[in-house]
Amino acid sequence: MGTTFIRIFIRVAVCAAALLPTAVLAADDDAQALLRRTAEYVASLGRYEARFEITAGDYSAEGCYTVDGDAYYIAVDRAEVYSDGKSRYEVDNDRREVNVDDVDTSSRNILDNPTRCFDFVGTDYDAEVTSSTDTEATLRLRSRDEAVEGEIYLTVDRATGRPRHIAYVLYDDRIEVEVTGLGSSREAVRRYDGKAYGGYETIDFR
């Protein structure tokens, strides 16, 4: 599916999940503490690499991404995404096509903007703990912006804040992302080089 899947993923997850009651979720002190712990955990890694498994209906794939500040590189199936923090280059190696666009710095979607996908502290998201054990907790997040539909479910390690799983739910669509690996990286983030994709069609939306 490559980039085609990434675009579908982003459309579903940025609208980001299921219908909610009209009442706004109340502030939850435990949820806020967990969100701070998670943001601090990820920030402590510095430049880092994450490995993940995606499941969406009958589709499943493994992928990875590397983050360094606002720059990132993502690989899923035969698709690649490069970003320098300002521009985003989506490479579809099957179609031999590169789509270029501005980065949506407000996005918390793991494939749209992984630099912010685990940082909900001080954002316009309400959070509450929906399930909890001695070791893990799942938080439900919803944007206060009525234009952003859906819910995000983030499961984290209670003690460390390490993110373990994230789900995006919109109506009947559910996208599950299992974080199988997360750690500091010594490797520099790969940068987009147009020469490496000679013969590809480039479509610039900026």
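Let's start with C64: this cysteine is buried, with a relative accessible area of 17%, where buried means under 20% relative accessible area, exposed over 50%, and partly exposed in between, using a 1.4 Å probe and protein chains only. C117 is buried too, at 0% relative accessibility. A disulfide is a covalent bond between the sulfur atoms of two cysteines. Here the rule for one is a pair of cysteine sulfur atoms within 2.5 Å, and by that rule the count comes to zero disulfides.

A quick word on what you're looking at: this is a predicted model, so local features need pLDDT of at least 70 and side-chain atom pairs count only at pLDDT 80 or more, while totals for chains, interfaces and linings use all residues. Residues are numbered from 1 along each chain as its sequence is written, and side-chain values use heavy atoms, with hydrogens and water left out.

Now step back to the whole chain. The protein chain has two helices and twelve strands; helices (H or I, at least four residues) and strands (E, at least two) are DSSP runs, numbered from the N terminus. Along the sequence, both helices come before the strands. Of its 206 residues, 50% count as buried.

Helix α2 (residues 29-44) is a good place to look. This helix has 16 residues and reaches 22 Å from its first C-alpha to its last, close to the 22 Å expected at 1.5 Å a residue (the expected span is 1.5 Å times one less than the number of residues). Its buried residues are A31, L34, L35, T38, A39 and V42. They cover an arc of only 135 degrees around the axis, so they sit on the same side of α2; the arc is that of the directions from the helix axis to the C-beta atoms. On the other side, D29, E40, A43 and S44 are exposed.

What covers that buried side? The cover includes β1, β7, β8, β9 and β10. Zoom in on T38, buried at 0% relative accessibility: leaving aside neighbours within four places in sequence, T38 is in contact (heavy atoms within 4.5 Å) with F118, V156, G161 and P163.

F118 leads us to the largest nonpolar core, meaning a set of buried Ala, Val, Leu, Ile, Met, Phe, Trp, Tyr and Cys residues joined through side-chain atoms within 4.5 Å. Of its 37 residues, Y65 and F118 touch the most other members. Strand β1 (residues 48-56) gives the most to this core, with five residues. A second, separate core of eleven residues includes Y73, Y82, Y89 and V98.
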